[in-house]
Amino acid sequence: MYNQIPPQFLEERKLENYLKDNGISLIHLVREAKILVLASKRDVKKRKKQYGGNLHHITNATLNKEIRENGYKINWDDALINSMLEMEALSIQWQATVHLMAPLVRYYYISYESLLAKDERDFWVGQLVGFLTKKGHDSSISNAEGTLLQLSESDCSDRIENYAGFRAHEKVKHSRSAVACDLIATNV
């Protein structure tokens, strides 16, 4: 996702000045479990081959049930782990880049994994509403339920083949993805 901002906009603080001059606040929503980003990309390719179309999101309950019953687990190897770690490094780099724009640009960082448990989600959505409105707020999002259906399991152990081996891998055990997977496991 970070490739959506051309590098020339970061030179000489062009992006920072544009955001500041136009009163734009940033919410940096990050999927920390990069291994699940890779798993989702792979899942979309498999669904496209099997069902046609991209199928990132669906509202058809029958198709959703079929897709979930035929769920896929990603096979991992050192190359996949290296890709995951490269994604983590890029995310950290962007977090630092955007964070350094403060205090000129209002910036709020939140991890996707923080939104998985209802109590946590209500808290963080309330924080975001307060950030955006600069006012008191009601953090309940019960009226914001959508119609999109979850295509994949949330827990890393349900999406990664030999998860225990993956989690114990030397390159993985202190990664952001590992910590995010641990957080997901306690929240689902």
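How many disulfides does the structure hold? The structure, a predicted model, holds one. The views below start from that link and move outward.

**View 1. The disulfide joins Cys156 and Cys181.** The two sulfur atoms lie 2.1 Å apart. The pair links distant parts of the chain, 25 residues apart. Cys156 sits in the loop between helix 5 and helix 6, and Cys181 sits in helix 7. The link is left-handed, with -80 degrees about the S-S bond. Both cysteines, Cys156 and Cys181, are buried.

**View 2. Cys156 has contacts beyond its sequence neighbours.** Neighbours within four places in sequence are left aside here. Cys156 is then in contact with Leu36, Tyr163, Cys181 and Ile184. Of these, Cys181 is the disulfide partner of Cys156. Leu36 is one of the buried residues of helix 2.

**View 3. The largest nonpolar core has 18 residues.** Which members touch the most others? They are Ile35, Met84, Cys156, Ile160 and Phe166. Four elements give two or more residues to this core: helix 2 (34-51), helix 4 (78-99), helix 6 (163-168) and helix 7 (176-187). Ile35 is also listed among the buried residues of helix 2.

**View 4. Helix 2 has 18 residues.** From first C-alpha to last, helix 2 reaches 25 Å, close to the 26 Å expected at 1.5 Å a residue. Just after the helix, Gly52 takes a positive phi of about 80 degrees.

**View 5. Helix 2 has buried residues covered by several elements.** The buried residues are Lys34, Ile35, Leu36, Leu38, Ala39, Arg42, Asp43, Val44 and Arg47. An α-helix has 3.6 residues a turn, so residues three or four places apart point the same way. The cover over the buried residues of helix 2 includes strand 1 (26-30), helix 3 (61-69), helix 4, helix 6 and helix 7.

**View 6. Tyr18 lies in helix 1 (residues 14-21).** Is Tyr18 buried or partly exposed? Tyr18 is partly exposed, because its relative accessible area is 49%, and partly exposed runs between 20% and 50%. Tyr18 and Leu115 are 97 residues apart in sequence. In space, Tyr18 and Leu115 are 29 Å apart, C-alpha to C-alpha.

**View 7. Confidence varies along the protein chain.** The mean pLDDT of the chain is 85, and 92% of its residues reach 70 or more. Confidence is lowest in helix 5 (residues 118-133), at a mean of 81. Confidence is highest in helix 6, at 96. Where pLDDT is low, the predicted coordinates should not be read in detail.

Conventions
Residues numbered from 1 in each chain as written. Predicted model: local features only at pLDDT ≥ 70, side-chain atom pairs only at ≥ 80, totals over all residues. Heavy atoms only, no water. Core = buried A, V, L, I, M, F, W, Y, C linked by side-chain atoms within 4.5 Å. Buried < 20%, exposed > 50% of the residue type's maximum accessible area, 1.4 Å probe, protein only. Contact = heavy atoms within 4.5 Å. Expected span 1.5 Å × (residues − 1). pLDDT = per-residue confidence, 0-100. Disulfide = S-S within 2.5 Å.
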